[in-house]
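Let's take a walk through a protein model together. Have the picture open and follow along as we go from one strand to its neighbours, and then on to some helices.

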Amino acid sequence: MNDLSPLVQEARADFERAGTPADLENAKARYLGKSGRITEHLKGLGALAADDKRSRGALINAAKQQIEAALDARRQALAQAELQAQLQGEALDVSLPGRKRGSGGGLHPISRARERIEAIFGSMGFDVADGPEIETDWYSFTALNNPENHPARSMQDTFYVDVKDASGHWLNLRPHTSPMQIRYAQAHAKKYAGQASMPDIRVIAPGRTYRVDSDATHSPMFHQVEGLWVGENVSFKDLKVMYLAFIQAFFETTELKLRFRPSYFPFTEPSAEIDIMFDGGPLEGRWLEVSGSGQVHPQVIRNMGLDPQRHIGFAFGSGIDRLAVLRYRMSDLRPFFEGDLRFLAQFN
Ligand code: PHE
């Protein structure tokens, strides 16, 4: 009787050689297909005697089963290999450095200057207050002791919003951060009303301000930082000491002088402009104006809800842009607001 195990061996080797599912199906056809080798053997059964047929049939079936098992095993192996290849193709190399987008972004130089200012005053015990950029006439002018006919109230100096407040005045884009003096002090006075003593008011109010003004040293939108210190025993001396400490910290040098030049503001009396002069460097020898300042006017103290017989203090208002221009030794502040990334990226 003809032994079928070489045929089974041959089929196994054939299947092993098949490198793809398609090759494998072709190989299968050679053994199990319509005219495959196993099929031919089965067809040959018809010519045999009944006894032979039974034993020969069992033999062929056993070989057929072995071949089918080998086929199945190879199918699974090929599927497994395919999956493996796919996973490898999709693998993510987490050790690769990421791709950078643009310069990566950064803080605007004005924001940097503002953060510096907040940090310095914070270290001297000042709170930081934030308030509306669209103000009422009372907070921007009246509470600050501006007479009705003061030029600051004119359309040439202040931007107005086409909406009136409850008192019938146009709202304005705040021309300074001084309204925050009043807002903060009012809230403070209310909080301590009726108490024997009140902690000093010490606050800075940095933020955007607006004026009808535009040239190399003025932008219609600019930034100010208002400072206010009010208590029962605060003097001009404190302003001088504090402002010098601030300026030295801001410019990171003690090689500079401060000058208080008599001036006028409706909300302070006496009033002074603060000028600085560097002892070295490219700006040496020139007085540079950086701030308005003064002792808070008694009427303004009253408008805060405090008693001018008891409370006294000073205020200052400095240009953040001006300070940044000097810190970066620029001659024009407009590049700060033109949004040119070639300029702005230098600060990151
Ligand atoms: N508000 C003034 C201005 O914008 C500056 C200032 C503030 C002056 C506080 C004195 C006191 O010019």
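Start at I204, which stands opposite G227 in strand β6. I204 belongs to strand β5, residues 201-210, and ten bridges join β5 to β6 (residues 221-231), the two running antiparallel. Strands here are DSSP runs of E with at least two residues, helices are runs of H or I with at least four, and both are numbered from the N terminus. Two strands count as paired if DSSP finds at least two bridges between them.

Strand β5 has another partner too: two bridges join it to strand β1 (residues 127-128), and this pair runs parallel. Here, D127 stands opposite V203 in β5. So how covered up is β5? Eight of its ten residues are buried, meaning under 20% relative accessible area with a 1.4 Å probe, protein chains only.

A quick word on what you're looking at: this is a predicted model, where local features need pLDDT of at least 70 and side-chain atom pairs count only at pLDDT 80 or more, while totals for chains, interfaces and linings use all residues. Residues are numbered from 1 along each chain as its sequence is written, and side-chain values use heavy atoms, with hydrogens and water left out.

Now hop over to helix α2 (residues 21-32) and helix α3 (residues 37-44), which pack at about 15° with their axes 3 Å apart. Axes are lines fitted to C-alpha atoms over the stretch in contact, and angles run from 0 to 180 degrees between N-to-C directions. Angles under 35 degrees count as roughly parallel, so α2 and α3 are roughly parallel to each other. R30, Y31 and L32 of α2 touch R37, I38 and T39 of α3, with contact meaning heavy atoms within 4.5 Å.

Terms used
Buried < 20%, exposed > 50% of the residue type's maximum accessible area, 1.4 Å probe, protein only. Parallel < 35°, antiparallel > 145°, perpendicular 65-115°, else oblique.
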